[in-house]
Each structure stands twice: as structure tokens, then as C-alpha cells.
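Visitor: I've got a protein model open and I'd like to learn how to read it. Could you walk me through a few features?

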Amino acid sequence: MYLEEFNVRFYETDALAHVSNTVLAGWFEAAREPIFRLFTPELDLRNWPLILATYKMDFLQQIFYGHKVEVRTTICRIGSSAFDVHQELWQNQNKCAVGVTTLVHFDFKTNKSKPISTDIVEALQKHLKEA
């Protein structure tokens with residue numbers, strides 16, 4: 001499991017005095033960085049090997065300013081060219097949101113998916129957990 005902690009910034013709150021739902025997508029993406037580094041250690045955007053195919057998020061509880069949040073990231077499915085990332089956002093020991101993202105290993109020159117290498121599959125398997 002990958003763990004990433006974020007401070008809730010004041011401007012991330014909305015008129016209802018809780019964190020805006022749009023903020024979570026950014027936190028989840030930032031928490032996927034260790035996975036991105038498996039595919040491109042330098043995070044080289046000129047040779048980016050992944051595309052986002054689907055994204056689903058469930059909001060379970062409100063998130064508030066003044067308390068840190070933690071994103072817990074695991075892998076919940078590995079296919080030949082795509083995999084699913086399961087993420088949970090926690091605040092004050094409460095699970096506040098859950099998201100699943102499907103990422104595809106992609107070749108932009110051929111505009112097609114391509115198989116994930118064995119070494120990367122093995123690295124992903126170290127974080128495999130049923131969602």
C-alpha cells in the first residue's frame with residue numbers, strides 16, 4: 001500500500017464549509033505518483049506511457065479544513081495492458097471517499113495499448129489488494 005498525506009488548504013473548502021469534491025481528484029492523482037514512477041522513473045512527460053481510461057469516486061463523508069487527510073493507494077486488478085488503482089481518502093480515522101481508476105499502458109506513436117512488462121507487473125503485484 002502506498003500512503004500519502006495532504007494538508008487541507010483553506011482555499012479547498014467551499015461555501016458549505018467542507019472540502020470541494022473537485023479537490024479529491026487532484027489528491028488521488030498526486031497519490032498515484034509512485035505508480036507513475038514504476039513506468040517512468042523520471043516522470044518524463046515527453047515519453048508518458050499511461051492514459052486514464054475510467055475514473056469512479058464515491059463520497060462517503062464530508063472532509064473539513066484544519067485536519068490532514070491520508071490517501072491509501074493499492075492495486076486491485078492487473079491485466080495484460082491495463083490495471084485498476086483503488087484509493088481511499090481518510091480523515092480523523094474515518095473513510096471519507098473511495099475511488100477506482102483504470103490506467104492503460106499506452107503507446108502514443110501507434111495510438112494503441114501495449115502489454116505491461118513483467119518487471120512492472122511484479123512491482124504492481126506487491127501492492128495488489130482486493131478492493
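Visitor: Let's start with charge. How far apart are the mean positions of the positive and negative charges?

Guide: Keep in mind that this is a predicted model. The idea is to average the places of each kind of charge and compare the two points. Here the 14 positive and 16 negative charges have mean positions 3 Å apart.

Visitor: And the fold? Which elements does the chain have, and in what order?

Guide: Go along from the N terminus and note each helix or strand. You'll find three helices and six strands, running β-α-α-β-β-β-β-β-α. The radius of gyration is 16 Å, close to the 14 Å that the globule rule gives for 131 residues, so the chain is as compact as a globular protein of that length.

Visitor: How much of the chain counts as buried?

Guide: A residue counts as buried when its relative accessible area is under 20%. That fits 42% of the 131 residues.

Visitor: Which residues have the most contacts inside the largest nonpolar core?

Guide: Look for buried nonpolar side chains that touch one another. The largest such core has 15 residues, and those with the most contacts inside it are V19, L24, W27, I63, V69, V71 and L89. At least two core residues come from each of α1 (21-31), β3 (69-78) and β5 (94-107), with α1 giving the most, five. There's another core apart from this one, with 14 residues, including Y2, I35, I75 and I116.

Visitor: What does V71 touch beyond its neighbours within four places in sequence?

Guide: Its contacts there include Y2, F6, W27, F28 and L89.

Key. Residues are numbered from 1 along each chain as its sequence is written. This is a predicted model: local features need pLDDT of at least 70, side-chain atom pairs count only at pLDDT 80 or more; totals for chains, interfaces and linings use all residues. Side-chain values use heavy atoms; hydrogens and water are left out. A nonpolar core is a set of buried Ala, Val, Leu, Ile, Met, Phe, Trp, Tyr and Cys residues joined through side-chain atoms within 4.5 Å. Buried means under 20% relative accessible area, exposed over 50%, partly exposed in between (1.4 Å probe, protein chains only). Helices (H or I, at least four residues) and strands (E, at least two) are DSSP runs, numbered from the N terminus. Contact means heavy atoms within 4.5 Å. The radius of gyration is taken over C-alpha atoms; the globule rule is 2.2 Å times the number of residues to the power 0.38. Lys and Arg count as positive and Asp and Glu as negative; His and the chain ends are not counted. The place of a charge is taken as NZ of Lys, CZ of Arg, CG of Asp or CD of Glu.
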